[in-house]
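Please read the comments below alongside the coordinates. They are meant as a colleague's notes.

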Amino acid sequence: MAYAFEQHEPVSVAIPRIMNEQIVRAREHLTDTNLRPEKRVHEARKRFKETRALLRLVRKPLGEMFASENAWYRDIGRDLSAVRDADAVLEAVGKLELPSLVRTRVRRTLNKNRTHPPVEGLIANAEKQLVMAQSRIALWPRFDDSFDTLADGLRQNYRGGRLAMKDANAPDELHEWRKFAKTHWYHVQLLRNLWPAVMKAYGGALDDLSDALGDHHDLHVLGRSIDPPPQELLDAIAAKQKELEHEAAELGARIYAEKPNAWLARMRNTWSAWRRN
């Protein structure tokens, strides 16, 4: 089934079902020998992000279990992040307006400096850990079959993103905003069936925002990955980041136009109408 709540599926059934499915998918990615190791890691990390977004959605009803579960998925994803980060910085070079000789020199330097632990060892460890994570789902509390189970998580993340947007000026602040925006996108995916046409458009805008903020962060990392960086590279990074900041500001103003309580009330009413049908 999809990474989404189904219309007549009890919340108490949907949450462990979705969590279990993402773990199964992550294990399938990690053990898919038809993919190169870096691609296996990349796909598995997407599933880890989905699991953490679901955890944040039910943070309050999970109680004390939230901290340990969230930390576990954070750490296992972090172990694999070095593999993906190396690819992301190289991809960032391709998004810049650079003289061909400078582009070649930058890529050569990045490839020369590229280091991370053996990928196969990271994959084997992650797959082993996921088996244990899957067994822990049975220990989770039973969730109420109500929108209230989701309400606090939805509101807190939306509110966090709205506040982060207002404070986002420096690269680290923009990266923090991106974390909230990405989690909000995952939450919208979980709610996509409430009103498919509307949620798809809203989710698309969130995806564009996450991409803009993610590209901004990758460029920031790129600028710090070469010592000393060529001036042409720094100039190209600055120009592209300015463009991305403008795009993010326009998207954010629309996405976070409503106050948290108003946005949550709209989601609650839409959920109620959807579940009654």
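The points below cover confidence, aromatic pairs, charges over rings and one helix packing.

1. The model is predicted. The protein chain has an average pLDDT of 93, and 99% of the residues score at least 70. By element, helix α4 (residues 65-93) has the lowest confidence, at a mean of 85, while α7 has the highest, at 98. As a general caution, predicted coordinates should not be read in detail where pLDDT is low.

2. How many aromatic pairs does the structure hold? There are nine aromatic pairs. One of them joins Trp140 and Phe143, with 6.4 Å centre to centre and 90° between the planes. This pair is edge-to-face, because the angle is over the 60 degrees required for that class. Both partners are buried: Trp140 has a relative accessible area of 9%, and Phe143 has one of 5%. These values are under 20%, so each residue meets the cut-off for buried.

3. Phe147 and Trp271 form another aromatic pair, at 5.6 Å centre to centre and with 55° between the planes. The arrangement is tilted. The two residues come from distant parts of the chain, 124 residues apart. Phe147 lies in the loop between α6 (119-136) and α7 (148-167), whereas Trp271 belongs to helix α11 (residues 260-276).

4. Are the rings of this second pair buried or exposed? Phe147 is buried, with a relative accessible area of 4%, and Trp271 is buried as well, at 5%. Both values are under the 20% limit, which means that the contact is made by two buried residues. The pair is also part of a cluster, in which ring pairs link Phe147 and Trp271 with Phe5 and Trp274.

5. Two tryptophan rings have a charged end over them. The charged end of Arg136 sits over the ring of Trp72, 5.1 Å from its centre. For Lys182, the ring is that of Trp185, and the charged end sits 4.8 Å from the ring centre. Trp72 falls within the residue range of helix α4 (residues 65-93), the element with the lowest mean confidence in the chain.

6. How do α2 and α4 pack? Helix α2 (residues 37-57) packs with α4 at an angle of about 150°, and the axes are 9 Å apart. The angle is over 145 degrees, so α2 is roughly antiparallel to α4. The crossing of these two helices is left-handed. When this packing is read, the mean pLDDT of 85 for α4 should be kept in view.

Definitions and conventions. Residues are numbered from 1 along each chain as its sequence is written. This is a predicted model: local features need pLDDT of at least 70, side-chain atom pairs count only at pLDDT 80 or more; totals for chains, interfaces and linings use all residues. Side-chain values use heavy atoms; hydrogens and water are left out. Rings of Phe, Tyr and Trp (its six-membered ring) pair if their centres lie within 6.5 Å; planes under 30 degrees apart count as stacked, over 60 as edge-to-face and the rest as tilted. Buried means under 20% relative accessible area, exposed over 50%, partly exposed in between (1.4 Å probe, protein chains only). Helices (H or I, at least four residues) and strands (E, at least two) are DSSP runs, numbered from the N terminus. A charge sits over a ring if NZ of Lys or CZ of Arg is within 6 Å of the ring centre and within 35 degrees of the ring normal. pLDDT is the predictor's confidence in each residue, from 0 to 100. Axes are lines fitted to C-alpha atoms, for helices over the stretch in contact, and angles run from 0 to 180 degrees between N-to-C directions. Angles under 35 degrees count as roughly parallel, over 145 as roughly antiparallel, 65 to 115 as roughly perpendicular and the rest as oblique. A crossing is left-handed if the near helix is turned anticlockwise from the far one by less than a right angle, and right-handed if clockwise.
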